[in-house]
Amino acid sequence: MKIGILGSGDVGKSFANAFTKAGHDIRIGSRSPEKLKEFGAKAATFKDTAKFGEIVVLATLGTATEEAIRIAEPANFKGKVVIDATNPLDFSSGKPQLAIGHLDSLGERVQRWVPDAKVVKAFNTVGNALFFKPQLPGGPPDMFIAGNDADAKKKVAQICKDFGWGVIDIGGIESSRYLEPMCLTWVLHGILSGSWTHAFKMLHAGNG
Ligand SMILES: NC(=O)c1ccc[n+]([C@@H]2O[C@H](COP(=O)([O-])OP(=O)(O)OC[C@H]3O[C@@H](n4cnc5c(N)ncnc54)[C@H](OP(=O)(O)O)[C@@H]3O)[C@@H](O)[C@H]2O)c1
């Protein structure tokens, strides 16, 4: 499939490499695509990247995601599955916190900014180094996803499985309120343990 990835940071680059390895055609977007030399002609503006994608991935700075969507133009997301991997991180107090929470979430805001798209929150609860084929002694970790459209979640779940993950669906896009704090759980454990190779897994009794 054609995958348009908005974001030139480590997360955007990890997605670009992962989707390429999984056999997809990608564009990776930036306000300054010339800085993505290693991606050659696959680097594009936010707008051309969003236009290109049959699936669009958001891998932008949380607090700048609204602006990135504005630059990409909401019309270019119409009818598409949008994977929202962003987190509304706020480091202004000197420690990581969320800028949005409890009664709203960045995932819900993204859905409001691109109302004609099918937003699925995913890949926000783990470090990008583990996005593709995580090899952990406890077996495949679980990707927690949330979104309003069942078919869109099926597509994203398949991508997660192709990338080597189990999938746990926790409901509509409003459940992003619970996935974004999971990012902080992941980050704070990383800070305290000094190790960044962890991922979440839900254990079930029987076949649950
Ligand atoms: N670090 C991880 O492993 C990890 C894992 C899961 C999720 N996340 C989330 O993934 C997202 C990306 O993280 P990252 O560390 O790769 O990069 P980042 O530094 O958070 O974001 C970089 C991207 O944001 C864009 N951006 C920054 N300021 C902007 C502005 N004012 N207007 C428009 N766009 C702007 C940049 O655009 P330009 O290309 O034009 O510079 C760039 O594409 C974040 O929301 C993060 O919380 C991170």
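Visitor: Why is E73 called partly exposed, rather than buried or exposed, in this predicted model?

Guide: The relative accessibility of E73 is 34%. Buried means under 20% and exposed means over 50%, so a residue at 34% falls in between and E73 counts as partly exposed.

Visitor: Where does E73 lie, and what is its phi?

Guide: E73 lies in the loop between α3 and β5, the latter being residues 81-84. Its phi is positive, at about 75°, although E73 is not a glycine.

Visitor: What makes F123 count as buried or exposed?

Guide: F123 has a relative accessibility of 1%, and because buried means under 20%, F123 counts as buried. F123 lies in the loop between β8 (118-121) and β9 (142-147), and its phi, near 65°, is a positive value in a residue other than glycine.

Visitor: Why is Q111 called buried?

Guide: Q111 has a relative accessible area of 12%; the limit for buried is under 20%, and therefore Q111 is called buried. Its place is in helix α4, which covers residues 106-113.

Visitor: How do you know that the side chain of Q111 makes polar contacts with the backbone oxygens of V114 and A117?

Guide: The side chain of Q111 reaches the backbone oxygen of A117 at 2.9 Å and the backbone oxygen of V114 at 3.3 Å. A polar contact requires a distance within 3.5 Å, so both pairs qualify.

Visitor: What makes the approaches of S8, S30 and N128 to the ligand polar contacts?

Guide: An N or O atom in the side chain of S8 is 2.5 Å from an oxygen atom of the ligand, a polar side-chain atom of S30 lies 2.6 Å from a ligand oxygen, and for the side chain of N128 the corresponding distance is 2.8 Å. Because the cut-off is a pair of N or O atoms within 3.5 Å, each of these pairs counts as a polar contact. On its own the ligand has 900 Å² of accessible area, of which the protein covers 77%.

Visitor: Which elements give two or more residues to the shell around the ligand, and where does the ligand sit?

Guide: The ligand sits in the largest pocket, and the elements that give two or more residues to its shell are α1 (10-21) and α3 (65-72).

Visitor: How many residues surround the ligand, and how do they divide by character?

Guide: There are 25 residues around the ligand, the closest being S8, S30, R31, K35 and T60. The shell divides into ten nonpolar, eleven polar and four charged residues.

Definitions and conventions: Residues are numbered from 1 along each chain as its sequence is written. This is a predicted model: local features need pLDDT of at least 70, side-chain atom pairs count only at pLDDT 80 or more; totals for chains, interfaces and linings use all residues. Side-chain values use heavy atoms; hydrogens and water are left out. A residue is near a molecule or strand if one of its heavy atoms lies within 4 Å of it. A polar contact is a pair of N or O atoms within 3.5 Å; within protein, one must be able to donate a hydrogen and the other to accept it, and residues adjacent in sequence count only if both atoms are side-chain atoms. Accessible areas come from the Shrake-Rupley method with a 1.4 Å probe; for residues, only the protein chains shown count as cover. On a 1 Å grid over the protein atoms alone, a cavity is a set of points where a 1.4 Å probe fits but cannot get out, and a pocket is an open set with protein on both sides within 12 Å along at least five of seven lines; lining residues have an atom within 4 Å of a point. A molecule sits in a cavity or pocket if more than half of its atoms lie within 2 Å of its grid points. Helices (H or I, at least four residues) and strands (E, at least two) are DSSP runs, numbered from the N terminus. Ala, Val, Leu, Ile, Met, Phe, Trp, Tyr, Cys and Pro count as nonpolar, Asp, Glu, Lys and Arg as charged, and the others, Gly among them, as polar. Buried means under 20% relative accessible area, exposed over 50%, partly exposed in between (1.4 Å probe, protein chains only).
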